[in-house]
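Hi everyone, thanks for making time for this. I'd like to walk you through one structure, going from a single helix out to the whole chain. Please have the viewer open as we go.

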Amino acid sequence: MSTFKERIILIISDFLTINIAWTVYYVIRIESGWIPYTTPTSFLIPLGAVYVYWFLIFLFSGMYQHWFVRSRFDEFSQVVKTVSLGCFILFFVIFLDDALSDTKAISRYLILIYWGLMLLSVGFGRILIRSFQMNMLEKGMGLRKSLIIGDGPRGTELETLIGKFPQLGYNNVGFVPVSDKPKQGQLGRLKDLDKIVKTSGVSEILIALEPNERDKLIEIIRYCPQGSVNLKILPDTYEIISGMAKTNQLYGVPLIEVMPEIMSYGSKLFKRVLDIFLSLAILGLTLPLSLVFALLIKLTSKGPVFYTQERVGRNNRHFNMIKFRSMKMDAEEYGPEWAGEKDPRITWVGRIIRKIYFDEVPQLLNVLKNEMSIVGPRPERPYFVDMLKKEIPYYYKRLSVKPGITGWAQIKHKYDSSLDDVREKLKYDFYYIENMSLKLDFKIMANTFLVIVFMKGH
């Protein structure tokens, strides 16, 4: 089942079950006559409002996040936590309303009835969907194409387990050996992994290495196409027993997800909403100043007001980054190069807007297009990315997150003027990637604001 189809089915299921829970609750509270001191209310308007409320709660709690082959117990546990959180919020809203309107407190206890109805209704709907999904997988429907890296005993063992438990959702299409000499019938060499994935339509890569092949893991991850496939590793028994590896087990098959998302689905969604809100607000507030600088750029130097440049974004996707032009025309006629702190190619207007980071304001359009975020590692040009991939190990890791206008490296280190600067700033980028959180984003935005106020830009 595709991610889109799964979300649509979950949304439809929740729409039905949330409305069923409200209908039963309405009958108990209003129509039954069991509850005294109840003022009759309309049915349809609260029905719509309640559904929108729960949809937002479920959305920000990650209830619509794609979770391939999720167990029914895990699904119900998530329902219990999310519904309890939603009802807890409702309890305080009702408590405040009762206090302000001096209403009898009986309505507060009705939330317990509603909580139970929501658990039964939504939980049943979710379990029904997961049961249907498991049933389809057992019949071989909806399996994901996967390949196993490693052709030793552990790779063979993993293939056997996959075949024995189709509920895992994997359909192994073959093996890719760690060595450079594939055997007959295998899919190819490790260095051709990107091509193999595309031609075979593989969406899952399962890594099963022998103890003497552990040093090959980083090399394998480096060859894996970023963003297009999910990576999982079969850990050693010792690692599981000693607690060195945190695994997700289903039918006794332990698998470690490689490079999982650090931020929760709700945090990522909030980050995206915040990006859109701040981008629209800043673009609106700075519009008069933008018009002034646009006019100055046009009058004081030849060339367009805006400067677009190809950059490399998340998962190696290329996009055109927009900035106010701060350099003379044909500044890179002899090829790409980093701008120095006192670069003669920078115009006098350019020095002003760079000092207050105003040249970056048009990138908020890239944020609205979802090509960038306000906070994240700065996107680099393809020329330098290709060079840095060869010069710096693990550089690919920097491309695993959406690039940003400002970042941890920008507030902790000076402007790039050499490869050594990039190497140094990469440490800060890795720190950000490994510790991504809304708290860290707010800290970076606050520090960026201070940099702008005290004009410490480049």
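Let's begin at helix α5, where Arg 154, Gly 155, Leu 158 and Ile 162 are buried. If you look down the axis of α5, those buried residues fall within an arc of 100 degrees, so they line one face of the helix. The face of α5 turned away from that buried side carries Pro 153, Thr 160, Gly 163 and Lys 164, which are exposed. As for its geometry, α5 covers residues 153-164, 12 residues in total. From first C-alpha to last, α5 reaches 16 Å, close to the 16 Å expected at 1.5 Å a residue. I should say right away that this is a predicted model.

A second helix to put beside it is α13, residues 382-391. Which residues of α13 are buried? They are Pro 382, Phe 384, Val 385 and Leu 388. Down the axis of α13, the buried residues fall within an arc of 155 degrees, so here too they line one face of the helix.

Helix α13 also brings us to the cores. The largest nonpolar core has 37 residues, and Phe 324 and Tyr 432 are the ones with the most contacts inside it. Which elements each supply at least two residues of this core? They are α10, β8, α11, α12, β9, α13, α15 and α16. Helix α15 gives the most to this core, namely five residues.

Let's zoom in on Tyr 432. Leaving aside residues up to four places away in sequence, Tyr 432 touches Lys 271, Val 375, Gly 376, Pro 377, Trp 408, Leu 440, Asp 441 and Ile 444. Apart from this core lies another one, of 29 residues, and Trp 22, Ile 28, Leu 47 and Leu 117 are among them.

Now for the aromatics. How many aromatic pairs does a search of the whole structure find? The search finds 18. I've picked two for you. Tyr 53 and Trp 54 form an edge-to-face pair, with 5.3 Å centre to centre and 75 degrees between the planes. Tyr 53 counts as partly exposed, at 21% relative accessibility, while Trp 54 is buried, with a relative accessible area of 0%.

The other pair is Phe 324 with Phe 358, and this one is stacked: 5.9 Å centre to centre and 10 degrees between the planes. Phe 324 lies in strand β8 and Phe 358 in the loop between α11 and α12, so the pair ties together parts that are 34 residues apart in sequence. Phe 324 is buried, with a relative accessible area of 4%, and Phe 358 is buried as well, with 6%. You'll remember Phe 324 as one of the residues with the most contacts inside the largest nonpolar core.

Tyr 53 and Trp 54 also belong to one aromatic cluster, together with Phe 15, Trp 22, Tyr 25, Tyr 26, Tyr 51, Phe 55, Phe 58, Tyr 64 and Tyr 114. Trp 22 is a name you've heard already, from the core of 29 residues.

On to the loops, with some backbone torsions for you. Most residues other than glycine have a negative phi. In the loop between β7 and β8, though, Asn 315 has a phi near 55 degrees, a positive value. Asn 316 lies in that loop between β7 and β8 too, and its phi is near 70 degrees, again positive. Buried or partly exposed: which is Asn 315? Asn 315 counts as buried, because its 19% relative accessibility falls under the 20% cut-off. Asn 316 is partly exposed, with a relative accessible area of 37%.

Another loop residue to find is Lys 216, between β3 and α7. Lys 216 counts as partly exposed, at 32% relative accessibility. Its C-alpha is separated by 7.5 Å from that of Val 178, 38 residues apart along the chain.

Finally, let's zoom out. The protein has 16 helices and 10 strands. Of its 458 residues, 46% are buried. Among contacts with a separation of 6 or more, residues 24 or more positions apart account for 71%. The protein exposes about 24,800 Å², and carbon and sulfur atoms supply 63% of that.

That's my tour, so thanks for listening!

Terms used: Residues are numbered from 1 along each chain as its sequence is written. This is a predicted model: local features need pLDDT of at least 70, side-chain atom pairs count only at pLDDT 80 or more; totals for chains, interfaces and linings use all residues. Side-chain values use heavy atoms; hydrogens and water are left out. Helices (H or I, at least four residues) and strands (E, at least two) are DSSP runs, numbered from the N terminus. Buried means under 20% relative accessible area, exposed over 50%, partly exposed in between (1.4 Å probe, protein chains only). Contact means heavy atoms within 4.5 Å. Accessible areas come from the Shrake-Rupley method with a 1.4 Å probe; for residues, only the protein chains shown count as cover. The expected span of a helix is 1.5 Å times one less than its number of residues. The arc is that of the directions from the helix axis to the C-beta atoms. Rings of Phe, Tyr and Trp (its six-membered ring) pair if their centres lie within 6.5 Å; planes under 30 degrees apart count as stacked, over 60 as edge-to-face and the rest as tilted. A nonpolar core is a set of buried Ala, Val, Leu, Ile, Met, Phe, Trp, Tyr and Cys residues joined through side-chain atoms within 4.5 Å.
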